[in-house]
Amino acid sequence: MRQEGESIPTPSGPMLGPTVEIPHHALALDPEGDGFLDWIDRITFRVTDRLNPILIKEARESLKSLQFLVTFFLLLIATILWTILGIVFNAPEVYYLPTGGAMLVGFYFVMAVPIFGLVPLAAYRSLSGEIDNDTFELLSITQLASRQIIRGKFASAVLQMLLYFAAVVPSLAFTYLLRGIGLAEISMVLVAVLMAGFFLSAFALMIAPLMTGFVGQSFAMVGLVAVIVFVQFIVAMICLAGIIGENLAATREAWMFTGLTSLMTLTFVVLFLKAAAAQIAPVTENRSTSIRYWMLCQQTMWIVTIISVSIYYDDFEPINFGSLVLAAYWLVAGTIFLVEPRELSPRVRRDLPSTFATRAFLTAFSPGPSSGYLFAVCTGSVAIVGLSLFGTFARSTNVTTEPILFGLTMVGYLAGYLGIVRLLTLPFAIRSKLSLPLALIVLFFVLIGTAFAPSVIHVAINGDLPSQYNDLEIIDWAWTATAGFERSGIPFHLSLIAAIAGGVITIANTLAMRDLYQYRKVAVPSRVILDRSGS
């Protein structure tokens, strides 16, 4: 036993075993941060700093949520199960006959459930939850603009869609190996599903701030579900009956229509996002002008599309269809414009047109219900007449109704029905702020009433329903529009009556537009000029 203070003996002789020199980590050899790995770190930090903070917040919350994890793993399980069951159901033909189309049908429904249902509903709840839980005020006091908040929410929905696609798309290669389906059909189905997902997610964000409270959110949710079901039905018909059933992807015309449809869908996505950002923007900001400029661009894209299709097929019947769509588009848009507040903040009034020329042509772009009504009627009428004139001067002989006559009828319906809606809702707008549900309900009853009014009058006079189209049916927009595409067409005198009636109703509305020119441009305060200059 060693005594206290005795030194510890050290081993003598050579050390046992060879010594191994462990190399340092690459970052330890680069303390100044000039190496390749540190360069990657700097690039990733810069990219993340430039990303939308709402996107980062929503991505972290959604990807860590139980809903996403359960949905993602259920999607993987459904993909594997359909791969197995598809082979079982198609046996023994799967060994010697092309069965890729049947497998793609199943994978379409596997993709449709999360893309069409879960992602839009999650985007809706994300924004509505911010408003209902009073957490939106925390976002509003930051330096983030309303459009940045909406873009972050939409980008988060797109990220979830891409992750769901990543779980299913690799399995689509299996359908290609089974023959009967090509890469063109698979690509077109993916484009259709992706565009529909973009559309529904943007639409969900647009209607989320419309109504508050339990009852309002319930009605909005029901409306969103109805739109989801309708879009799902349309996309299913296109993908299952057209792309997969008829192999339409092999034609050049199918890809042309896919490109045009995707372009118009993306324009609606941008419009919905702008409308959602306008609803959550402060009341002191101009929330209308940018939307109207975009709607004007969207209308131009639609006109160019219709003209291109007519010239390509040498068939000018689509001109009348384009006029019908423009009339319906501006009728709904004009009804929504009626809900805008009448009061303009000083910040908005600083940018109002001041000269006579600018007030004459640019007042319709200013916020307000009267300017919105004027913008919808004038823009829609000019577009319909211009498109109809092109169809009249360049048409072939296979057009049932002269495009200018059909266009005048649509202008009459647009001006007349929108004017009636404005006159009916004007007392509510004067007494209090007009709500969007009330305006849409009035529009619905106006359309239903005018569609059934001729039949009621005919039964009251003759005792039975009319069997053929007559002059009284010019009130019925549905039968008149249908007659415009039939062999008989719309007579000249009825088109003239519709246009004159719409003009009379528009004149009656102009007499009740005292608020249109009551606001004048105000000077920018000196303190604001000093703040902008940084002094």
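Here is a short tour of this predicted model, from the whole chain down to a few single residues.

A word on ground rules before we start. This is a predicted model, so local features need pLDDT of at least 70 and side-chain atom pairs count only at pLDDT 80 or more, while totals for chains, interfaces and linings use all residues. Residues are numbered from 1 along each chain as its sequence is written, and side-chain values use heavy atoms, with hydrogens and water left out.

**The whole protein**

You're looking at 19 helices and zero strands. Both kinds of element are DSSP runs numbered from the N terminus (H or I of at least four residues for helices, E of at least two for strands). Of the 535 residues, 42% are buried. Here, buried means under 20% relative accessible area, exposed means over 50%, and partly exposed is what lies in between (1.4 Å probe, protein chains only).

The accessible surface adds up to about 29400 Å², and carbon and sulfur atoms hold 70% of that. Those areas come from the Shrake-Rupley method with a 1.4 Å probe, and for residues only the protein chains shown count as cover. As for contacts (heavy atoms within 4.5 Å), take the ones between residues at least 6 apart in sequence: 78% of them join residues at least 24 apart.

**Three helix pairs**

The table lists how three pairs of helices pack. Axes are lines fitted to C-alpha atoms, for helices over the stretch in contact, and angles run from 0 to 180 degrees between N-to-C directions.

| Helix pair | Axis distance | Angle |
|---|---|---|
| α7 (residues 183–207) and α9 (residues 252–280) | within 8 Å | roughly 15° |
| α15 (residues 403–431) and α18 (residues 492–510) | within 7 Å | roughly 30° |
| α14 (residues 369–394) and α15 | 8 Å | about 170° |

Angles under 35 degrees count as roughly parallel, over 145 as roughly antiparallel, 65 to 115 as roughly perpendicular and the rest as oblique. By that scheme α7 and α9 are roughly parallel to each other. α7 also passes α9 in a left-handed crossing, meaning that the near helix is turned anticlockwise from the far one by less than a right angle (clockwise would make it right-handed). The residues of the α7–α9 contact come out as 19 nonpolar, five polar and no charged. For that sorting, Ala, Val, Leu, Ile, Met, Phe, Trp, Tyr, Cys and Pro count as nonpolar, Asp, Glu, Lys and Arg as charged, and the others, Gly among them, as polar.

α15 and α18 are roughly parallel to each other too, and their crossing is left-handed. On the α15 side the contact includes G412, A415, G416 and G419, while A498, A499, G502 and I505 are among the α18 residues. Sorted by type, this contact has nine nonpolar residues, eight polar and one charged.

α14 and α15, on the other hand, are roughly antiparallel to each other. Among the residues that meet here are Y373, G380 and S381 in α14 and A415, L418 and G419 in α15. The contact of α14 with α15 divides into 13 nonpolar, eight polar and one charged.

**Zooming in on single residues**

Let's start with G412, which is found in helix α15. Is G412 buried or exposed? G412 has a relative accessible area of 6%, so G412 is buried. Leaving aside neighbours within four places in sequence, G412 is in contact with Y417, A498, A499 and G502. The C-alpha atoms of G412 and S381 are separated by 8.7 Å, with their positions 31 residues apart along the chain.

Over in helix α18 you'll find I505. Not counting residues up to four places away in sequence, I505 touches Y373, A415, G416, G419 and I420. I505 and L418 are 87 residues apart in sequence, yet 9.0 Å apart in space, C-alpha to C-alpha.

I497 also has its place in α18. At 47% relative accessibility, I497 counts as partly exposed. The C-alpha atoms of I497 and D471, 26 residues apart along the chain, are separated by 9.9 Å.

Finally, T305 is in helix α10 (residues 289–313). T305 is buried, at a relative accessible area of 11%. Which residues does T305 contact, leaving aside its neighbours within four places in sequence? T305 is in contact with L260 and M264. T305 and L260 are 45 residues apart in sequence and 7.2 Å apart in space, C-alpha to C-alpha.
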